[in-house]
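Biologist: Got a minute to go through this one with me? I'd like to start with how you name the pieces.

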Amino acid sequence: MTSATHRPILFLFLEIFSQEGGIQTYNKDLFNAYIHLESCPQADVFLLRDQRIEPNPFEHERLHFHYFHSAFATLGRLRFAAATLFYVLRKRPQRIFCGHLKLARLTHFICRAFNVPYTVMTHGKEVWEPLPKGEQQALAQADQIWTVSRYTRDRTCTANHLNPSQFRLLPCAVDGDAFTPGAKSNHLLHTYGLEHAHVLLTVTRLWSGDIYKGVDITIRALPKILGAFPTVKYLVVGRGDDQPRLAQLAHDFGVGDRVIFAGFVPTA
């Protein structure tokens with residue numbers, strides 16, 4: 001039997017490359033950190049919804065990716081579950097990292113059957129409210145739960161009767177080389193009509209399911225903000241089905257000329 005320290009690690013994720021978002025960015029940062037560790041075990045990454053991409057910037061001699069996207073969602077889920085089960089049977093991983101709550105029940109079922117420790121990664125609103133019994137149980141029996149903030153930890157514990165000692169804080173990271181103060185871009189100032197303006201900026205998906213992110217609250221507050229900063233403009237970067245409502249809201253509050261929707265802007 002291979003010793004625990006030499007057995008591989010298995011990561012389970014919904015998707016990383018087929019969607020843009022905070023969770024996807026977080027996972028990419030995780031993989032970037034993993035392949036730069038001086039010493040780490042071999043690891044495999046199972047991606048439920050992604051198709052194979054070439055080149056994959058995170059493919060590494062110690063980190064191998066496996067893709068389970070299918071035109072038929074149920075078939076993809078079945079293939080993903082079967083592959084996870086056979087992986088555990090063959091390789092007996094030292095740990096499984098479950099990258100999303102939606103995969104926690106599967107992870108719990110397999111890990112409990114084969115006595116494999118597992119970690120569940122949590123991020124925000126998906127764990128803020130009381131969860132179905134199966135997902136609560138999957139979290140309660142994880143030997144570790146990673147989360148991005150004390151707020152999410154505390155709210156998750158309160159809503160789902162979890163033990164705070166299970167949690168490890170792993171906050172979102174910022175690339176200091178990419179995000180650093182610099183000279184203003186005259187091109188961007190001109191493109192968005194921001195010359196001589198005080199600028200408020202929000203970068204987010206404008207999805208009707210993410211209203212809690214507060215773009216509408218900022219728009220409602222703009223008339224009062226303008227009283228203190230008459231040159232203020234609000235630049236909103238992102239796209240989604242909630243944009244028409246937000247644009248109408250800006251018009252209704254008389255600040256339509258102060259809110260600029262930049263649309264989707266690639267991460268790079």
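Modeller: Sure. Helices (H or I, at least four residues) and strands (E, at least two) are DSSP runs, and their numbering starts at the N terminus. With that, H123 can be placed in the loop between β5 and α4. Keep in mind that this is a predicted model.

Biologist: Is H123 buried or exposed?

Modeller: H123 is buried, at a relative accessible area of 11%.

Biologist: And what does H123 touch, not counting residues up to four places away in sequence?

Modeller: I23, Y26, G99, V148 and T152.

Biologist: OK, zooming out. How many helices and strands does the protein have?

Modeller: Eight helices and ten strands. The C-alpha trace spans about 70 × 40 × 35 Å along its principal axes. There are 268 residues, and 41% of them count as buried.

Biologist: What share of the contacts with a separation of 6 or more comes from residues 24 or more positions apart?

Modeller: That share is 65%.

Biologist: What about the surface: how much does the protein expose?

Modeller: About 15500 Å², with carbon and sulfur atoms supplying 57% of it. On the charge side, there are 29 positive and 23 negative charges, and their mean positions are 7 Å apart.

Biologist: Let's go inside. Which residues have the most contacts inside the largest nonpolar core?

Modeller: L12, F46, F80, I96, L103, Y118 and L139, in a core of 29 residues. Two or more residues each come from β1, α2, β4, α3, β5 and α4. The largest share is that of α2, which gives four residues.

Biologist: F46 caught my eye. What is F46 in contact with, leaving aside its neighbours within four places in sequence?

Modeller: Quite a list: L10, F11, L12 and F13, then H66 and F68, and also F80, A83, T84 and Y87. Apart from the core I just described there is another, of 19 residues, and L30, V45, F58 and L63 are among them.

Biologist: Back to α3 for a second. Which residues in that helix are buried?

Modeller: The helix runs over residues 104-114, and its buried residues are A104, T107, H108, I110 and C111. They pack against β1 (9-13), α2 (73-91), β4 (95-98), β5 (118-121) and α4 (133-140). Just after α3 comes N115, with a positive phi of about 55 degrees.

Biologist: Where else is there a positive phi in a residue that is not a glycine?

Modeller: H161 is one of them, with phi of about 55 degrees. H161 sits in the loop between α5 (150-160) and β7 (167-169), and H161 is exposed, with a relative accessible area of 68%. H196 also has a positive value, near 65 degrees, and is not a glycine either. You'll find H196 in the loop between α6 (186-191) and β8 (198-203). H196 counts as exposed too, at 79% relative accessibility.

Biologist: Then there's A197. Is A197 buried or exposed?

Modeller: A197 is buried, with a relative accessible area of 16%. The loop between α6 and β8 holds A197. Leaving aside neighbours within four places in sequence, A197 is in contact with T231 and K233.

Biologist: How far apart are A197 and D29 in space?

Modeller: C-alpha to C-alpha, 33 Å, and in sequence A197 and D29 are 168 residues apart.

Biologist: New topic: cysteines. How many disulfides does a search of the whole structure find?

Modeller: Zero.

Biologist: Why is there no bond between C40 and C111?

Modeller: Because the two sulfurs are 20 Å apart, which is too far for a bond, and C111 is where the closest cysteine sulfur to that of C40 is found. A disulfide needs the sulfur atoms within 2.5 Å. C40 is buried as well, with a relative accessible area of 13%.

Biologist: And which cysteine has the closest sulfur to that of C172?

Modeller: C98, but its sulfur is 17 Å from the one in C172, so that is too far for a bond as well. C172 is exposed, at 53% relative accessible area.

Biologist: Last one. Which residues does the cis peptide bond at P55 join?

Modeller: E54 and P55, with omega about -5 degrees. P55 lies in the loop between β2 (43-47) and β3 (63-67).

How values were computed: Residues are numbered from 1 along each chain as its sequence is written. This is a predicted model: local features need pLDDT of at least 70, side-chain atom pairs count only at pLDDT 80 or more; totals for chains, interfaces and linings use all residues. Side-chain values use heavy atoms; hydrogens and water are left out. Buried means under 20% relative accessible area, exposed over 50%, partly exposed in between (1.4 Å probe, protein chains only). Contact means heavy atoms within 4.5 Å. A nonpolar core is a set of buried Ala, Val, Leu, Ile, Met, Phe, Trp, Tyr and Cys residues joined through side-chain atoms within 4.5 Å. Accessible areas come from the Shrake-Rupley method with a 1.4 Å probe; for residues, only the protein chains shown count as cover. Lys and Arg count as positive and Asp and Glu as negative; His and the chain ends are not counted. The place of a charge is taken as NZ of Lys, CZ of Arg, CG of Asp or CD of Glu.
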